[in-house]
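Please look over the structure below with its internal spaces and its ligand in mind. The briefing takes up the enclosed cavities and then the surroundings of the ligand.

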Amino acid sequence: MNLVKGTIYTNAKKGQVSKYVYSHFMEHLGRCVYPGVWVGEDSSIPNDRGIRLDVTQALKALELPALRWPGGCFADNYHWQDGIGPRSSRPRRFNLWWHQPETNEFGTHEFIRFCRMIGTEPYICANVGSGTVEEARSWVEYCNSSQDTELTRLRSENGSPEPFNVKFWGIGNENWGCGGSMEPAYYGHLYRNYATYMRKTSPDIKLIACGSHPRVPEWDGIFLETLNRAHHLVDYIAIHIYSARGMSDLNYSDDDYYELMGQVQIMEEHLERATALCRAYSTNAHQIGLIMDEWGTWFKEAQTETGLYQNSTMMDAVFTALSFHLFHEYIPYLYMTNIAQTINVLQSLILTEGPLSCLTPTYYVYDLFKGHKDGTVLDLSYNTATLETPGGREIPEVSISATYCEEENTIHVTAVNLHLSTSTNLDLALDLRQIASVHGRVLTSAEVRDHNTPKNPDVIKPSKLDVQQSDKSLSFALSPHSVAAISINLTD
Ligand code: AHR
């Protein structure tokens with residue numbers, strides 16, 4: 001058993017974690033939208049006007065801040081007018097990237113309804129690769145305008161007289177790759193054009209530019225330089241980073257596990273580079289923020305032929321928790337992250353099989369970390385041992401993050417024990433404040449490769465964590481490969 005001792009500096013506030021860091025992404029890919037969300041009104045699977053209820057209930061409980069849609073690569077192949085009007089007359093289209101016909105049953109109105117059902121804000125990604133400026137601009141008008149125009153009359157005829165007021169708009173996706181194989185300077189010129197017309201249509205929207213990927217690290221710098229005096233048109237740059245490429249979802253070795261944890265540092269390197277650029281191009285009048293609107297594990301089982309389906313084990317949970325701890329360090333520039341993808345695709349929160357569904361360990365990490373949303377990151381110190389990954393990276397055995405929620409007068413602490421075989425005792429002290437009560441939950445499993453399936457959904461789920469408390473300190477034990485969340489209610 002290891003021992004970690006630490007101190008939380010209750011007055012050393014480092015800045016606020018944007019709640020949008022805990023956001024999501026869903027694409028018309030594999031079984032994510034059909035039938036992960038949309039089963040149709042005639043389905044025997046319980047649904048509300050076509051939208052399945054088990055998934056809705058589970059996502060609503062997470063209080064997700066934003067949901068990105070319709071892609072991904074699909075976004076630059078999507079023409080929004082195909083997805084409005086009577087469902088029976090919507091066209092069946094060729095889904096260029098994911099090799100499955102697109103029925104267009106789930107379009108803008110269904111997406112907005114789904115967002116409202118789960119209580120999240122919509123984030124729409126417009127088509128640059130195969131679309132036009134007017135197509136993107138008119139989508140903004142259709143969603144957000146309250147002028148009496150042909151498009152807003154159409155929205156009304158389609159059941160929504162009131163504007164949807166969509167705040168977040170992406171201008172293309174991975175335009176260096178599936179979104180048109182563009183050069184960053186070419187995209188920069190297009191971006192100015194799209195952004196000008198979209199913003200003029202709805203001045204309060206937030207515009208999100210396609211950013212880099214580890215394969216094209218130079219993209220952000222060239223793009224920002226090309227914008228010249230038009231940086232005010234960019235609210236956020238959206239970078240993408242996937243981890244675990246080449247590894248297996250279930251048949252991974254212990255070395256693979258540690259290697260994946262080391263890959264959090266690759267995310268850090270890209271966050272560092274992109275944040276520096278945001279800082280360099282921000283002014284007092286206009287700050288450019290960072291979004292990571294695709295991230296997570298991508299195992300070798302997730303192929304186009306399998307609809308990018310993969311299983312999720314405790315390894316995914318530990319990786320997610322560590323990633324969130326990293327994201328807390330990138331305030332205030334890192335504004336939003338969207339794990340890929342919500343249902344049945346890549347590092348999902350929910351897996352479905354016919355009428356059955358299960359919550360993955362990744363889902364439960366979002367649940368355990370709920371308290372951090374909009375919290376103020378607190379400084380802390382602790383003495384953890386380190387491990388060396390097979391690739392030579394040094395990673396901590398234990399990772400801790402703490403935020404303060406003023407409204408609740410509560411400190412939320414999350415702690416991760418990365419070690420695969422050794423438990424750790426954690427003794428944490430508060431430097432100044434006094435503890436009124438504590439409440440802890442932990443997510444772990446006997447074997448790191450354990451996972452939930454729709455037929456066997458309860459293998460892994462959070463349980464109560466025993467926490468000993470005194471006036472100014474607390475202690476608890478963390479078993480191997482576990483993630484814990486402790487709320488510390490303070491005396492006034
Ligand atoms: O999330 C799967 C795919 O990964 C997305 O469509 C694309 O943007 C990325 O390459």
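What follows describes the cavities and the ligand site, topic by topic.

The model is predicted, and it holds 3 cavities of 30 Å³ or more. The ligand, for its part, sits in the second largest pocket, where 14 residues surround it.

**The largest cavity**

- About 70 Å³ of space lies in the largest cavity, and the elements that each give two or more residues to its lining are β6 (121-126), β7 (168-171), β8 (206-210) and β9 (236-243).
- Among these strands it is β8 that gives the most to the lining of the largest cavity, contributing 3 residues.
- The lining of the largest cavity is made up of 15 residues, and those that lie nearest the centre of the cavity are Arg68, Gly172, Cys210, Ala238 and Asp293.
- Sorted by class, the residues that line the largest cavity comprise 7 nonpolar, 5 polar and 3 charged ones.

**The second largest cavity**

- The second largest cavity has a volume of about 40 Å³, and the residues that line it are Phe74, Asn77, Tyr78, His79, Asp82, Arg93, Phe94, Glu102 and Asn104.
- In the lining of this second largest cavity the classes are represented by 3 nonpolar, 3 polar and 3 charged residues.

**The shell around the ligand**

- Which residues come nearest to the ligand? Of the 14 residues around the ligand, they are Glu27, Cys73, Glu174, Tyr242 and Glu294.
- By class, the shell around the ligand consists of 8 nonpolar, 3 polar and 3 charged residues.

**Polar contacts and burial of the ligand**

- The side chain of Glu27, which belongs to the residues that come nearest to the ligand, has an N or O atom 2.7 Å from an oxygen atom of the ligand.
- Tyr242 is likewise one of the residues that come nearest, and an N or O atom in the side chain of Tyr242 is 2.8 Å from an oxygen atom of the ligand.
- For Asn173, a polar side-chain atom lies 3.0 Å from an oxygen atom of the ligand.
- How much of the ligand does the protein bury? Taken alone, the ligand exposes 280 Å², and the protein buries 94% of that area.

Conventions:
Residues are numbered from 1 along each chain as its sequence is written. This is a predicted model: local features need pLDDT of at least 70, side-chain atom pairs count only at pLDDT 80 or more; totals for chains, interfaces and linings use all residues. Side-chain values use heavy atoms; hydrogens and water are left out. On a 1 Å grid over the protein atoms alone, a cavity is a set of points where a 1.4 Å probe fits but cannot get out, and a pocket is an open set with protein on both sides within 12 Å along at least five of seven lines; lining residues have an atom within 4 Å of a point. Grid points are joined across faces, edges and corners, and a volume is the space filled by probe spheres set on the points. Helices (H or I, at least four residues) and strands (E, at least two) are DSSP runs, numbered from the N terminus. Ala, Val, Leu, Ile, Met, Phe, Trp, Tyr, Cys and Pro count as nonpolar, Asp, Glu, Lys and Arg as charged, and the others, Gly among them, as polar. A residue is near a molecule or strand if one of its heavy atoms lies within 4 Å of it. A polar contact is a pair of N or O atoms within 3.5 Å; within protein, one must be able to donate a hydrogen and the other to accept it, and residues adjacent in sequence count only if both atoms are side-chain atoms. Accessible areas come from the Shrake-Rupley method with a 1.4 Å probe; for residues, only the protein chains shown count as cover. A molecule sits in a cavity or pocket if more than half of its atoms lie within 2 Å of its grid points.
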